[in-house]
Amino acid sequence: MAELLDDLARAVQHAVDTLRGDPGEILSRGADGAPSSRLDRVAEAAVLERLKTSEARVDVLSEEAGFIHRGGECLLVLDPVDGTHNALRGVPAFSVSLALGHDRLSGIEEGLVRDLVSGATYHAAKGEGATLNGKPIRVKPFDPRDTLFSVYLGTNAEPDSARVAGKARRVRNLGAASLDLCLVARGAADVYYMHSREQRLKLRACDIAAGTLIVREAGGLVLDLAGRDLDIPLTTDAHTDLVAVGDRKAWEAIQ
């Protein structure tokens, strides 16, 4: 299955790199009602076309098309372009996120996130650890003297987001949940904190399915805002806030 995910990621990379026309043109609405751009649709179509020629028996849950029944033995959870707004504004931080599993976030067995700008590829399989470009990665032990948090901020963020950001020496946010999670997995960030005041802007399963497994396999934690292991159904209407941390001390530091 690792080969399948890598093949699908390469198909998206090629589709994005060779896209013609206005990438930001709104062609339709996605499964959750959000606008769906040409960039999103072309990336999704690349995956679906590649699956047609594959022997993989998988159903698909995609941010754009929703659930697609293909008589599958497992579920492919797909975000064709995570960070679409970044891509359209020229911010070099967007990715494709692919995960395989069953029913819930806790049932994800394998995940891959590919940075569509740099080509950096994160991968994890349950019980086998996490890698970046084939090399093992681990979270960073928490050091209160050198803290870097990724925090979702702005008009749609809950006020406590600013409180959390104020506890860090340095604050960053990529605006692509899969890549923000991977920052924690590789030890570049100690915390990724997402708390939106708007239900429609909270994270979806397609955004986080692969990244959550990658963080956990790298030794980190992905929690709900009450500090419990995050678990949501793999559906189009499931939304969530979260906090990803390298270790429990990082969680304690933001309380």
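Helices and strands here are DSSP runs, numbered from the N terminus, with at least four residues for a helix and at least two for a strand. With that in hand, let's walk through this predicted model.

**Stop 1: Glu 55.** Select Glu 55 and you land in the loop that joins helix H2 (38–52) to strand E3 (58–62). Is Glu 55 buried or exposed? It counts as exposed, because its relative accessibility is 79% and the cut-off for exposed is over 50%. Now add Asp 224 to the selection and draw a C-alpha to C-alpha distance: 36 Å in space, with the two positions 169 residues apart in sequence.

**Stop 2: Arg 50 and its partners.** Step back into helix H2 and pick Arg 50, then Asp 7. Their side chains form a salt bridge, 2.7 Å from N to O. This pair ties together distant parts of the chain, since Asp 7 sits in helix H1 (residues 2–17) and Arg 50 in helix H2, 43 residues apart. Arg 50 is partly exposed, because its relative accessible area is 31%, which falls between the 20% and 50% limits. Extend the selection to Asp 6 and Arg 10: together with Asp 7 and Arg 50, they are linked in a network of salt bridges.

**Stop 3: Arg 145.** Over to Arg 145, which makes a salt bridge with Asp 143; the closest N and O atoms are 3.0 Å apart. At 67% relative accessibility Arg 145 counts as exposed. If you feel like hunting for the rest, the model has 14 salt bridges by the rule of N to O within 4 Å.

**Stop 4: Arg 204 and Asp 207.** Select these two next. Their side chains meet in a salt bridge at 3.4 Å, N to O, and both residues are buried.

**Stop 5: Asp 82.** Keep Arg 204 on display and add Asp 82, which belongs to strand E5 (residues 74–82). Side chains of opposite charge can pair when their charged atoms come close. How far from Asp 82 is the nearest side chain of opposite charge? That side chain is Arg 204, 6.5 Å away, and Asp 82 is buried with no salt bridge. The cut-off for a salt bridge is 4 Å, so a 6.5 Å separation does not qualify.

What does the side chain of Asp 82 have instead? Look at Ala 177: its backbone nitrogen lies 3.2 Å from a polar atom of the Asp 82 side chain. To finish, show what Asp 82 touches, leaving out residues up to four places away in sequence: Ala 93, Phe 94, Ser 95, Ala 176, Ala 177, Ser 178, Leu 179 and Asp 207. Asp 207 is one you have already met, as the salt-bridge partner of Arg 204.

Terms used
Residues numbered from 1 in each chain as written. Predicted model: local features only at pLDDT ≥ 70, side-chain atom pairs only at ≥ 80, totals over all residues. Heavy atoms only, no water. Buried < 20%, exposed > 50% of the residue type's maximum accessible area, 1.4 Å probe, protein only. Lys, Arg positive; Asp, Glu negative; His and termini not counted. Polar contact = N/O pair within 3.5 Å; in protein donor to acceptor, adjacent residues only side chain to side chain. Contact = heavy atoms within 4.5 Å.
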